[in-house]
Amino acid sequence: MPLRIYNTLTRRKQEFVPVTAGKVGFYICGPTVYNDIHIGNARTFLSFDVIRRYLEYSGYQVTYVQNLTDVDDKIINRAHQEGRSAAEVAADYSEAFIAVMRDLGVKDPSIRPRATEEIPAMLEVISCLIEQDHAYVVDGNVYFAVRSYQPYGQLSGRDVEQLLSGARVEADERKRDPLDFALWKAAKPGEPAWESPWGAGRPGWHIECSAMSSRYLGLPFDIHAGGDDLVFPHHENELAQSDACSHKGFANYWLHGGMLTINKEKMAKSEGNYLLLKDVLQQVRPQALRLLMLQTHYRSPFDYSVERLQEATAALERVESAIRNLSWVLKSTAGVPSAPNDISDTNVSWTADLLAKTEQARQQFAEAMDDDFNTAAAVAAVFELVTASNASVQNGIRGDTHHRAVDEALATIIELLSVLGVSLKVVEADAAYPPEVLTLARELAAYPGTNAAEAVDALLAVRAEARAAKDWPRADAVRDRLAALGLVIEDTASGARVVQK
Ligand code: AMP
Ligand code: ZN
C-alpha cells in the first residue's frame, strides 16, 4: 500500500510522491527560545519525529530541518526582565531545548538553523518581494502586501475580506492595509539589530522560516509541519512570501498536529494546568510518555492526564516483561516443563502460529503507518504481538524447538517499537529469571501477572509470611521449588534475594 498523507493545503489524504524519488525534504517550525518547552510543544515535536523515523524506515533519505527562533519580542522582553542580553537568553533556552528533546528520544534534525545566523538569506527574500511589488518600505520597516498575492488564504481556507471584517488585525498606520505584516522591523533602542538595505533592524517571524526552508531544501520541498495553531497566520504568511517571490510554490504537503490539553482543559499558566516537559521527564520514563502520546493519532487533540500516563507506564512494563521472557526462552533449552499445556515437543503448529502472528503485526503496523501515520493502530498491532508472545511463553514454547518463531517475535517487537522511537534495552541481567517462575508464583503466591521479577518478589513475600507464621513446610516449599528451577534464595542484610546457581 502506498503511503498516504493528509494535506492541510488540499484538505484530503493524498498519496505521497516526493519531489525527488527516494528523498524527502522536511521542514518543521522550531521553538521560540524564551522559556522551557511545555508538553504541548513536546507532543508536536514528538509526532513529527515519529513521522520522520517512519519515512526513514520506509527507505527515504530525509533531510529534516528545524529552526530555532532566537530573535523575537518574547526573547527581548524576557531579557529585559532578567537584565541579560537577548542573545544570552536565547543561547540558554536553545541549549535546554536541544537537551530535553534528546531526553525525550527525539532525533536531532539534519540541519538546525538559527534565525540570527540566517539574516542574509532573509534579506534576499525580502528584496525579491520588494522588487516584485509584493512588499513596501515605510520608515525602515518592510511590509508584505497581502492583497498583492491573490491566492492568500489558500492554506487556512480564509477569505481576505472576511479576515478584514472579523479578525483582530493590529492597527498600524504605517501599513497600507491592516492585513499586511512585517517582514523587517526597524531597530528600536536596546534591541538586537542587523544592517539591511532599509536601515538597521530585525526580521519578522514568518520570513525566517521562508528563508531557511528554501535555503536548505530548495523550492518546492516535500513536507512542512507544525502544530495546528501555526496554520494561520504563520504558515499562511510563509507560503505567501515564498510563492510570491519564487513562483515555484512552497511545500507540497502541509502537516499539522492537534493540540494537547490537560484534563480536557486548555493548557494555561493562569489555570495552573501547565506542565513543562523537563518536569514530566523527572517523573516518568520517556518511553512511557512517547507510548502514551502515540496512542492518539497526531492530528487529533490529545488529552494528557496522570492516570493515562500511569496506564502507559504499565503497558510499557508489560512489553518489557514479554521481552525478558522471550529472551529467556530463546537462551534456555530446558523448555518450560511446569507450563500448564506442555508443548515442548516439536509441534510445528506453535512455530507457525507465532510466526503468523508476527507477520500479521508487521503488516498491520505498516498499513497503519502508511495511512497518514496512524500510530495508535501501529501501537495496537505491537501490543497484540506482545499478548500472543506471552501466551506462547506461558504455554511452554521452547527456544530450541521453536527458535525461529521466538527469535522473530522478539526482534519484531523491539524493531517496531524502535521505529516509533520507543527504544527498549534488553539487558542481560533482566533476563535472569526463567519464565517458569510465573507458573510457580501463580501456584504458590496467586500471582496473576507476566512479569518474572514481580513473580519472584511475590514468591519471596509468601516465604517471608510463612516464616513469620512459623509455617516451615510452606517456606521450604518456596525454597525447594525455586531451587528446582536453578534459583537459590540468599538471605542478605537487606532482605532475601534470588540468584541463579
Ligand atoms: P511555539 O514556540 O509557540 O512556536 O511552539 C512550538 C511548537 O509547539 C509549534 O509547532 C506549536 O504549534 C506547538 N504547540 C504549541 N502549543 C501546543 C499545544 N498545546 N499542543 C500541541 N502543540 C503545541
Ligand atoms: Zn515557521
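**Entry 1. Disulfide**

I take a disulfide to be a pair of cysteine sulfur atoms within 2.5 Å. The model I am reading is a predicted one. Searching the whole structure, I found 1 disulfide. C128 and C245 form it, and I noted a distance of 2.1 Å between their sulfur atoms. The two cysteines sit in helices: C128 in α4 (residues 119–131) and C245 in α7, so the bond ties together parts that are 117 residues apart in sequence. I then looked up the torsion about the S-S bond of C128 and C245, which is about 110 degrees, and I therefore recorded the disulfide as right-handed. For C128 the relative accessibility is 16%; because the limit for buried is under 20%, I entered C128 as buried.

**Entry 2. Zinc site**

I next turned to the zinc ion (ligand 2) and asked which protein atoms are its donors. They are SG of C29, SG of C209, NE2 of H234 and OE of E238, at 2.1 to 2.6 Å from the ion. Along the sequence, I wrote the spacing of these donor residues as C-x179-C-x24-H-x3-E. C29 belongs to the loop between β3 (23–28) and α1 (39–57), while H234 belongs to helix α7 (residues 231–246), so this pair links parts that are 205 residues apart in sequence.

Why is the arrangement around the zinc ion irregular? The 4 donor atoms subtend angles of 72 to 130 degrees. Four donors count as tetrahedral if all angles lie between 85 and 135 degrees. The range at the zinc ion (ligand 2) begins at 72 degrees, and I therefore could not enter the site as tetrahedral; irregular is the class that stands.

I also checked whether three of the donor residues are buried or exposed. C29 counts as buried at 5% relative accessibility. H234 counts as buried at 1%, and C209 is buried with a relative accessible area of 1%.

**Entry 3. Cis peptide bonds**

I listed two prolines that follow cis peptide bonds. The bond from L219 to P220 is cis, with omega near -10 degrees. P220 is placed in the loop between α6 (205–217) and β9 (221–227). The bond joining F232 and P233 is also cis, with omega about 0 degrees. P233 is in helix α7, the helix that also holds the zinc donor H234 and the disulfide cysteine C245.

**Entry 4. Cavities**

How many cavities of 30 Å³ or more does the model have? I counted 3. The largest holds about 60 Å³ of space. I wrote down its lining as R43, S47, V50, I51, M293, L294, T296, H297, Y298, F373 and T375. By class, this lining has 6 nonpolar, 4 polar and 1 charged residues. I then asked which element gives the largest share of the lining; α1 does, with 4 residues. α1 and α9 (286–294) each supply at least two residues of the lining.

**Entry 5. Positive phi**

I noted two residues that have a positive phi although neither is a glycine. D133 has a phi of about 60 degrees and is located in the loop between α4 and β5 (135–138). With 62% relative accessibility, D133 counts as exposed. K470 has a phi of about 55 degrees, and its place is the loop between α15 (452–468) and α16 (472–484). At 60% relative accessibility, K470 likewise counts as exposed.

**Entry 6. Two distances**

I closed with two C-alpha to C-alpha distances. R158 and F232 are 74 residues apart in sequence, and I recorded 8.9 Å between them in space. F232 is the residue joined to P233 by a cis peptide bond. R158 lies in the loop between β6 (141–144) and α5 (160–166) and is partly exposed, its relative accessible area being 40%.

For the pair T401 and R318, the separation is 83 residues in sequence and 25 Å in space. I located T401 in the loop between α12 (375–394) and α13 (403–419). T401 is partly exposed, with a relative accessible area of 30%.

Technical notes
Residues numbered from 1 in each chain as written. Chains lettered and ligands numbered in written order. Predicted model: local features only at pLDDT ≥ 70, side-chain atom pairs only at ≥ 80, totals over all residues. Heavy atoms only, no water. Donors = N, O, S within 2.8 Å, 3.2 Å for Na, K, Ca; no water. Tetrahedral: all angles 85-135°; square planar, octahedral: opposite > 155°, others 65-115°. Buried < 20%, exposed > 50% of the residue type's maximum accessible area, 1.4 Å probe, protein only. 1 Å grid on protein atoms, 1.4 Å probe; cavity = no way out; pocket = protein on both sides within 12 Å on 5 of 7 lines; lining within 4 Å. Points joined across faces, edges and corners; volume = space filled by probe spheres on them. Nonpolar A, V, L, I, M, F, W, Y, C, P; charged D, E, K, R; others polar.
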